[in-house]
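This briefing covers a ligand site and the pocket that holds it. Please have the structure open while reading.

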Amino acid sequence: MGRVSLLNVDEIRGDFPIFSRQVGGRPLIYLDSAATSQRPRQVVEAVRRYYEEYNSNVHRGVYSISVEATEEYERARRKISRFINAKSEREVVFVRGTTEALNLVAYAWALRKLRKGDKILLTEMEHHSNIVPWQLIAQHTGAEINYIPFNRYDGKLELDKLDRYKDFKILSFTYASNVLGTINDAKRLVKYAHENNALAVIDAAQAVPHMRVDVQEIGCDFLAFSGHKMLGPTGIGVLYGRRELLEEMQPFMGGGEMIREVHLSHSTWNEVPWKFEAGTPNVAGAIGLGAAVDYLERIGMERIREHEESLTKHALDEFEKIKGMRIYGPLEAGERAGLIAFNVADIHAHDLATLLDEDGICVRAGHHCAMPIHTKLETPATTRASFYLYNTHEEIERLTESIKKAAKKFKIT
Ligand code: PMP
């Protein structure tokens, strides 16, 4: 189809050993990066080097390989801090992922600060990870939850209704929806929270891997993301928190590493961010995430975003020609993340995904941990194709052909 790619995708794919494998005799077409991305050799190599060359616990040893492990672990923190433009690496807390980061804010901040009748403001397009922790806190404190609605036709938040919501203590919202693809106006939402003297928390699981995110420019108080969606290992993620807030918060978990002194009667806490990193951390994961950030920086986040936008536009153009196709979320590629959730007539999402799998195409089907979105869209499930820096325009064409083939099988012509 002769589209010019903004990235040297062939070279990038060469860094991902998984793309040399076949599925059912066909090349693997991986369109599920919104669930988890693939990993380049450089990340696997960084993890391997840690385990094979200087494996030891961090922060405790005086011997040289432990010092090396500590240096690499803390160097990864500095890389991530620069990547999101935090003021200091002290604002970067290593956690297991977005879910744990949001729970940390819920338990270490909201549980202690909220009282009966206080309001928590969320949006209707949240992943369960940004709903359930707040429901748990609301049950415990008697706080109430309100939701900013989205328009079911264009998938955008109804920001013209924003000023209905007053007197809330915290606004937590997704930067980019993992179902609708909608990219929210994070700066505007943060500003609105601050005008109301509330904290602004961002679930950036679908944003940080795909676009330049600058926490100082956005002005948020907390921001959560996962390593495994941005070429890094599983089991590592980040909570960014403004230093003053992290300083005033109580720890989330107690144990080793997060203490300064422990007496039988009481304990005192380590400095931030270590105050929030109880127990032996995921050293290999953090080092691997540092390597993933190096990789993304080398390619350039602006170019990755442009590439994904071009793939999304291509897919939207092709999908529109498929009979019975229903696409959810904004129809402009520039307004959405590189993912498309859709249904074709009344083919069940799982049936469609199974047929695509027969062509070696990996897509996700179901509610994508966002049941309230599906309830509002009046569909129990959608099929979702999601793109990343290693996907090609040819793969979009293969996907389109495969969907058409499935539709034919179901006699939708
Ligand atoms: N929020 C959003 C928007 C997501 O897409 C995801 C992952 N599907 C999460 C939160 C949860 O991320 P994790 O499972 O890595 O904690």
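The notes below go from the ligand's surroundings to the pocket. The model is predicted. The ligand takes up the space of the largest pocket, and the protein covers 84% of the 400 Å² of accessible area that the ligand has on its own.

**Residues around the ligand**
- The shell begins, in sequence order, with Thr-98, Thr-99, His-127, Ser-129, Thr-174 and Asn-178.
- Further along the sequence, the shell also includes Asp-203, Ala-205, Gln-206, Ser-226, His-228 and Lys-229.
- By class, this shell holds 9 polar, 2 charged and 1 nonpolar residues.

**Polar contacts with the ligand**
- In the side chain of Thr-99, an N or O atom is 2.5 Å from an oxygen atom of the ligand.
- Gln-206 places a polar side-chain atom 2.7 Å from an oxygen atom of the ligand.
- Lys-229 has a side-chain N or O atom 2.8 Å from a nitrogen atom of the ligand.
- With the protein in place, 84% of the ligand's 400 Å² of accessible area is covered.

**The largest pocket**
- Its volume is about 350 Å³.
- The lining of the largest pocket comprises 22 residues.
- Nearest the centre of the largest pocket are Ala-34, His-127, Asn-178, Gln-206 and Lys-229.
- Of the lining residues, 11 are polar, 6 nonpolar and 5 charged.
- At least two lining residues come from α4 (98-113), and at least two from β16 (364-366).

**Residues named in both settings**
- Gln-206 and Lys-229 belong to the ligand shell and are also listed among the residues nearest the pocket centre.

Note on methods. Residues are numbered from 1 along each chain as its sequence is written. This is a predicted model: local features need pLDDT of at least 70, side-chain atom pairs count only at pLDDT 80 or more; totals for chains, interfaces and linings use all residues. Side-chain values use heavy atoms; hydrogens and water are left out. A residue is near a molecule or strand if one of its heavy atoms lies within 4 Å of it. A polar contact is a pair of N or O atoms within 3.5 Å; within protein, one must be able to donate a hydrogen and the other to accept it, and residues adjacent in sequence count only if both atoms are side-chain atoms. Accessible areas come from the Shrake-Rupley method with a 1.4 Å probe; for residues, only the protein chains shown count as cover. On a 1 Å grid over the protein atoms alone, a cavity is a set of points where a 1.4 Å probe fits but cannot get out, and a pocket is an open set with protein on both sides within 12 Å along at least five of seven lines; lining residues have an atom within 4 Å of a point. A molecule sits in a cavity or pocket if more than half of its atoms lie within 2 Å of its grid points. Ala, Val, Leu, Ile, Met, Phe, Trp, Tyr, Cys and Pro count as nonpolar, Asp, Glu, Lys and Arg as charged, and the others, Gly among them, as polar. Grid points are joined across faces, edges and corners, and a volume is the space filled by probe spheres set on the points. Helices (H or I, at least four residues) and strands (E, at least two) are DSSP runs, numbered from the N terminus.
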